[in-house]
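Here is a short report on charged surface residues. Look at the sequence and the model first, then read on.

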Amino acid sequence: QVTLYGFRDDNNFWIITRTDANEKKHLNSTDPSKLEPVRDGDIVRLMHWKTFRRLHSHDERPPVTTNDYQNEVSGYGWEGFKGDSNDHWRVKIIEGDKSVPGSSEQLMAIHSKFRLIHTGRRCALFSNRRKLPKWAHEQVEVTCMQNAKVPKTLWRIETNIHADIPAGSPLAEYRKPGLIAKVLEATAVMWRVNNGLTKSHPYESRPHTWPWMRRGMAFWGSGDRGIYLLGTAQLWWLSLGALVAFGVLQVVLFLRDCRGFHDRLLGARDRYFESVGFLTAGWVLHWIPFFLMGRQLFLHHYLPALWLAILALAGTIDLMTRRVSRRVRQAIMVSLLLVVVRSYFQYSHLAYGTPWTRQGCQRSKWLGSWDYDCKRYVDLDAKPTVVAAPAPTASPHVEPPPAQNFDPLEHENKLNEPAPRIDHDKLNSNADKAHDAMVKAATTAVVNAPAAGPELHDNHDKEEPVVGDDAHHESPKTDAPVPPMF
């Protein structure tokens, strides 16, 4: 089975060879030892350098992807095996590097992007990123797909080795990207990978429900214990209020500035705008992009934006308590800290999977959409059930058998009595009588049996009436076999 995986080793090397027909033509040329480049449209064969198996495809379905328009790709053959036409692939160069002349006409490492078209099945070598089972180490499946899209069937040679390559030949190297190119490439890869996670999940949630923590996410559960992701509700809601207050306040200040009122907010307007405004902008940039994603999303995706919202809450509290006394300010901070600590201990059972009570779990559900299971915990109001043992039933009284006198001497005398004598003459006479009776019964059954007719009927449910003087007699049995004659 031909597969893909994400690292380099010796199994990545293939030898490009000619077909048998092209090999005969090349041997008859003027310079058979001369190297020839692989050009656009050439038909080649690829042989794995380690196992000597050729890249092969035929009209068989792949092990995982079973669509009719996809064929299996495998390694076929052995050392010295010539192969067949199912090993022939046509090279189709799609794109070359504009800075390297000739990379779009002949195959070059790194610079040429090409397709491999199977000459028999008219399909292109393709990878759909589907993983094979455990027996293939969950590596990526490779197939040959008919009418495949070009971007999904592009290949590139990374290393080219040959003993006859002249010294001083130009070397192909990857173009070193700059910082901006690296960031853009990494962003594009992350975007593509994340958008590929489109399967539904029972605990997924959408971005508009994250700031007010509509629901959490279950991680694990067993018996009377469970782990459920849920934040500190006071911090989530207060931080959301701080962000909304900043937006509303900026609108009000803008309208008042338009009317000639230049409010300074106790001399902290510029500082408030620069600090909380910067955090609010960061919160927006960490939250809004999730609305553009079609993948499955969870509450934990909001955590980077949450940290910025909490910092914005601290800046808002600093502005609101600017004119109060130091003691009042400290009291507000301590009160908020105590609320957070109490919430931590209340919901620590969900964070660490420790035992809890059903009543405490139900009291902790401030929102009906918090869907952690409270039925798994111990119910303190449940009355213990006592299963009464079945009452013993009186067994009926059984009288013991009467005692019998046992005389060992009399018992021994009975055992020593001689066996009775067998009367052989009487025994033979009784056997002769039994034999004569059986012969007579069999003869009578044969004489009284009805004549065989052409058809057989089932007469068990209907009996014919007996007519004549013998109506009151029982009919003789006719199903007894004739005994053997000696």
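## Charged residues at the surface

Lys149 is exposed, because its relative accessible area of 63% is above the 50% cut-off. The model is a predicted one. Lys149 sits in a loop, between strand S9 (140-145) and helix H2 (179-195).

Lys149 also belongs to a patch. Together with Arg129, Lys152 and Arg192, Lys149 forms a positive patch on the surface.

There is a negative patch too. Glu36, Asp40, Asp42 and Glu105 gather there on the surface. Asp40 is in the loop that runs between helix H1 (20-27) and strand S3 (43-48). Asp40 counts as partly exposed, because its relative accessible area is 34% and the class lies between 20% and 50%.

Now take Arg130. Arg130 is part of strand S8, which covers residues 124-131. Arg130 is partly exposed, with a relative accessible area of 42%.

The three residues line up as follows.

| Residue | Relative accessible area | Class |
|---|---|---|
| Lys149 | 63% | exposed |
| Arg130 | 42% | partly exposed |
| Asp40 | 34% | partly exposed |

Which residues does Arg130 touch, leaving out those up to four places away in sequence? The contacts are Val64, Thr65, Gln139, Val140 and Glu141. Take Thr65 from that list. In sequence, Arg130 and Thr65 are 65 residues apart. In space, their C-alpha atoms are 8.0 Å apart.

Definitions and conventions: Residues are numbered from 1 along each chain as its sequence is written. This is a predicted model: local features need pLDDT of at least 70, side-chain atom pairs count only at pLDDT 80 or more; totals for chains, interfaces and linings use all residues. Side-chain values use heavy atoms; hydrogens and water are left out. Patches are made of residues with over 30% relative accessible area and no salt bridge: like charges are joined within 9 Å, nonpolar side chains (Val, Leu, Ile, Met, Phe, Trp, Tyr) within 5 Å. Accessible areas come from the Shrake-Rupley method with a 1.4 Å probe; for residues, only the protein chains shown count as cover. A salt bridge is a side-chain nitrogen of Lys or Arg within 4 Å of a carboxyl oxygen of Asp or Glu. Lys and Arg count as positive and Asp and Glu as negative; His and the chain ends are not counted. The place of a charge is taken as NZ of Lys, CZ of Arg, CG of Asp or CD of Glu. Helices (H or I, at least four residues) and strands (E, at least two) are DSSP runs, numbered from the N terminus. Buried means under 20% relative accessible area, exposed over 50%, partly exposed in between (1.4 Å probe, protein chains only). Contact means heavy atoms within 4.5 Å.
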